[in-house]
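Here is a friendly walk through the model shown below. Have the viewer open as you read, and follow the elements by name.

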Protein chains: 2
Amino acid sequence: MKLYDCHLAPNPRRVRIFMAEKGVTCEKVEINIVKGENLHEDYLAVNPRGLVPTLVLDDGTPLDEAPAICRYLEEVHPAPPLMGTDPVSKARIAARERHMEFDGMGAAAEVFRNSFPGFAKRGLPGPDGVFEAIPELAQRGAVRVQAFYDRLNRALGTCQFVAGDTFSLADITALCAVDFATSAARTPIPNACKNLQRWHEVVSARPSASA
Amino acid sequence: MKLYDCHLAPNPRRVRIFMAEKGVTCEKVEINIVKGENLHEDYLAVNPRGLVPTLVLDDGTPLDEAPAICRYLEEVHPAPPLMGTDPVSKARIAARERHMEFDGMGAAAEVFRNSFPGFAKRGLPGPDGVFEAIPELAQRGAVRVQAFYDRLNRALGTCQFVAGDTFSLADITALCAVDFATSAARTPIPNACKNLQRWHEVVSARPSASA
């Protein structure tokens, strides 16, 4: 297997952490999205949508989209389970991961893509068109990041991890979202969010967090 | 089971079609999002994010997010399989479904949420804040819908269905995205997109399409 990766981007990190939790390793190819390497012909031949990550299997099959790649890895390397063990926990983890992605990652991306000077003409990732940054979208994203923090903080008052009392893919995506909001959207966890801070310390201390 | 549904919205339709393909029925409760019923206290007690659909199991467990609800239903009612039968097809269908959701549904939602007068102060769904419509986002969405059609049309030149030669959840989400783009974003399939038109006729003719 070969992972087309990017250490500047939050989505490949979801897969790197997932693989580290599973103890799975593979060859990695770094794609620098700030330099636009994801839009080069060579990479578009691997992933026509020009997004990272892509996992290419040994027979050449390309798999893209972080949660879909994780689905493959969970099937092939079931232990430890990170996507649930019965119908309800599978659905709950999938739903919670989506909450983290839409409410957290999506909000931070609205800020970053619409305020980072290097992406002034790349308001969306991928090759389908040149989209100018929309400053109002950066402002909206900043409000949404705060709402994401508040909501996640409340949820973590009733359970140890994002989707219940077991570490799961939802925690991985939440960690990537929070760290992306902190770095790229310059919005760290507020001091008032004690549950979220407690959770962030715990998941950041796992060896996988530095994958 | 009880499905909190909305016939005006594209995401509950994903679940209705999925259930129809499985031959599963349940009680349904209609939530009118244009009237804001999804933001009423009663519904927020079921789904604190104020989004439709939500499936409530017989023991009271609420499941939300269309693909997560489908994941539950696929586990409990495996036949016919709509989310893959081996690790690669499971990942490919999950990835293709996300392409349909982000590139199609997301683009059409950018148009609709930022141009429909009834949502002038509801630029995003859910209760986390009042977001004014952003006209530039409606314009961006319209460009993205065209790119979505072009890309999907090319893909359907090499396979019968969205994720290969078998009907799957990716087709369901694609159908909901195309019909949403056609109705809410007022952008029908272009005449030049012959493969897409062929596919749309086939999937629209399935009895599940009217669920």
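A good place to begin is a right-handed β-α-β unit in chain A, built from β1(A), helix α1 (residues 10-22) and β2(A). Please keep in mind that this is a predicted model.

The two strands of that unit run parallel, with four bridges joining β1(A) to β2(A). Within this pair, A:Lys2 stands opposite A:Glu27 in β2(A). Strand β1 (residues 2-5) of chain A also pairs with strand β3 (residues 54-56) of chain A, here in the antiparallel sense and over three bridges. In β3(A), the residue opposite A:Leu3 is A:Leu55. Strands of a sheet pair through backbone hydrogen bonds, in a parallel or an antiparallel way.

The table puts the two pairings of β1(A) side by side.

| Strand pair | Sense | Bridges | Residues standing opposite |
|---|---|---|---|
| β1(A) and β2(A) | parallel | four bridges | A:Lys2 and A:Glu27 |
| β1(A) and β3(A) | antiparallel | three bridges | A:Leu3 and A:Leu55 |

Now step back to the whole sheet. It is an open sheet of four strands in chain A, ordered β2-β1-β3-β4, with mixed pairing. Which are the edge strands? They are β2 (27-30) and β4 (62-64) of chain A, each of which pairs on one side only. On average, neighbouring strands of this sheet are turned by 20° against each other, direction ignored.

Next come the domains. For chain A, the domain assignment gives domain 1 (2-76) and domain 2 (87-206). Their C-alpha centres lie 20 Å apart. In the contact between them, domain 1 of chain A takes part with 13 residues and domain 2 of chain A with twelve residues. On the domain 1 side, α1 and α3 (66-76) of chain A each supply at least two residues. The helix of the β-α-β unit returns here: α1(A) gives the most to that side, with five residues. By class, the domain 1 side divides into nine nonpolar, one polar and three charged residues.

Finally, look at where the chains meet. The contact takes 31 residues from chain A and 31 residues from chain B. On the side of chain B that touches chain A, β4 (62-64), α3 (66-76), α4 (87-113) and α5 (135-155) of chain B each supply at least two residues. Which of these elements gives the most? It is α4(B), with nine residues. This side of chain B has 16 nonpolar, three polar and twelve charged residues.

Key
Residues are numbered from 1 along each chain as its sequence is written. Chains are lettered from A and ligands numbered from 1 in the order in which they are written. This is a predicted model: local features need pLDDT of at least 70, side-chain atom pairs count only at pLDDT 80 or more; totals for chains, interfaces and linings use all residues. Two residues are in contact if their C-beta atoms, placed from the backbone, lie within 7 Å. Ala, Val, Leu, Ile, Met, Phe, Trp, Tyr, Cys and Pro count as nonpolar, Asp, Glu, Lys and Arg as charged, and the others, Gly among them, as polar. Two strands pair if DSSP finds at least two bridges between them. Axes are lines fitted to C-alpha atoms, for helices over the stretch in contact, and angles run from 0 to 180 degrees between N-to-C directions. A crossover is right-handed if, with the strands pointing away from the viewer, the path from the first strand over the helix to the second runs clockwise. Domain bounds come from an automatic or database domain assignment.
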